[in-house]
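Subject: The structure I promised you

Hi,

Here is the structure we talked about, ready for you to open and turn around on your screen. Have a look first, and then read on for what I found in it.

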Amino acid sequence: FVVSLSMGAVAGGSETHLSQFLIFLAFCFAISLGFTLRWVGLPRSASLVLLGCFVVAFFSVHSILHPIFPRNHITNFTGRGPLIVEGRILAPLDPGLERTYLTIEVLAITNHDQRPIRVCGRMRVTVYGPYSQTVFVGDRIRFVSFVHTIRPCANPHAFDYRRFLALK
């Protein structure tokens, strides 16, 4: 069970689909080897239940670390130029004198065709200047912005802000 959890965590942390597939194949090999060496005398129904528990443990950790976003998620619209974003301000509001950090639940975007598209997901937005004191939790806002994903850190041992926000 610990092997299932740890291999699911390693596969979820992998960036490419090929490496995730290879780790899953190694997981299947390790589980089949364990069944042939350790659980030879188990009844068939008990071995299938045990195998199901191992697979559930693998994919539960994998899906937490490597989330699969729906087609209308805001991350699928990154790098497409300026978009009109419409959303609602969520609770963790960090007010400041010169700038305010907001978490926005994105409801819709409007592209260059002026056609609104319903989307889901969250964004982190920084509001500067005098507008930083005029936004409150629950407000609906609309703004023009470029949508970018968080750049990965250059140092492999540095704090991974992208993963930190993905798990929230």
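Before anything else, one term: two strands count as paired if DSSP finds at least two bridges between them. With that in hand, take β2 and β4: seven bridges join these two strands, and they run antiparallel. One place to see the pairing is Thr100, which stands opposite Val127 in β4. Please keep in mind that this is a predicted model.

**The overall layout**

The protein has four helices and five strands. If you read along the sequence, the order is α-α-α-β-β-β-β-β-α. There are 168 residues, and 28% of them count as buried. The protein exposes about 11600 Å², with carbon and sulfur atoms supplying 65% of that area. Now look at contacts between residues at least 6 apart in sequence: 60% of them join residues at least 24 apart.

**Strand β4 and its two faces**

In a regular strand the side chains alternate between the two faces of the sheet. You can follow this along β4: Met123, Val125 and Val127 point to one face and are buried. Arg122, Arg124, Thr126 and Tyr128 point to the other face and are not buried.

**The nonpolar cores**

In soluble globular proteins, nonpolar side chains tend to be buried together. Here, the largest nonpolar core has 18 residues, and Ile104, Val106, Ile109 and Met123 touch the most other members. Strands β1, β2, β4 and β5 each supply at least two residues of this core. Which strand gives the most to it? That is β2, with four residues.

Try clicking on Ile104. Leaving aside its neighbours within four places in sequence, Ile104 is in contact with Gly87, Arg88, Ile89, Gly121, Arg122, Met123, Val125 and Ile141. Apart from the core just described lies another one, of seven residues, including Met7, Ile23, Ile31 and Phe54.

**Salt bridges**

How many salt bridges does the structure hold? There are two. In one of them, the side chains of Glu86 and Arg140 meet at 2.6 Å, N to O. This pair links distant parts of the chain, since Glu86 sits in strand β1 (residues 82-89) and Arg140 in strand β5 (residues 140-146), 54 residues apart. Glu86 is partly exposed, with a relative accessible area of 24%, while Arg140 is exposed, at 53%.

The side chains of Arg88 and Glu105 also meet in a salt bridge, at 2.4 Å, N to O. Arg88 lies in β1 and Glu105 in β2, so this pair ties together parts that are 17 residues apart in sequence. Arg88 counts as partly exposed, at 33% relative accessibility. Glu105 is partly exposed too, with 26%.

**A few spots to click on**

Start with His73, in the loop between α3 (44-65) and β1. Is His73 buried or exposed? Its relative accessibility is 11%, and the cut-off for buried is under 20%, so His73 counts as buried. Not counting residues up to four places away in sequence, His73 touches Cys120 and Gly121.

Cys120 is in the loop between β3 (116-118) and β4. The C-alpha atoms of Cys120 and His73 are separated by 4.9 Å, although these residues are 47 apart along the chain. Cys120 is partly exposed, with a relative accessible area of 26%. Its contacts, leaving aside neighbours within four places in sequence, are Pro70, Asn72, His73, Ile74 and Val106.

Next, go to Thr110 in strand β2 (residues 99-110). Thr110 counts as buried, at 8% relative accessibility. Again leaving aside neighbours within four places in sequence, Thr110 is in contact with Leu83, Ile84, Arg115, Pro116 and Arg142.

Finally, turn to the surface. Leu18, Phe21, Leu22 and Leu25 form a nonpolar patch there, with about 410 Å² of accessible area together. Leu25 is found in helix α2 (residues 17-37), and at 41% relative accessibility it counts as partly exposed.

Have fun exploring, and see you soon!

Conventions:
Residues are numbered from 1 along each chain as its sequence is written. This is a predicted model: local features need pLDDT of at least 70, side-chain atom pairs count only at pLDDT 80 or more; totals for chains, interfaces and linings use all residues. Side-chain values use heavy atoms; hydrogens and water are left out. Buried means under 20% relative accessible area, exposed over 50%, partly exposed in between (1.4 Å probe, protein chains only). Contact means heavy atoms within 4.5 Å. A salt bridge is a side-chain nitrogen of Lys or Arg within 4 Å of a carboxyl oxygen of Asp or Glu. A nonpolar core is a set of buried Ala, Val, Leu, Ile, Met, Phe, Trp, Tyr and Cys residues joined through side-chain atoms within 4.5 Å. Patches are made of residues with over 30% relative accessible area and no salt bridge: like charges are joined within 9 Å, nonpolar side chains (Val, Leu, Ile, Met, Phe, Trp, Tyr) within 5 Å. Accessible areas come from the Shrake-Rupley method with a 1.4 Å probe; for residues, only the protein chains shown count as cover.
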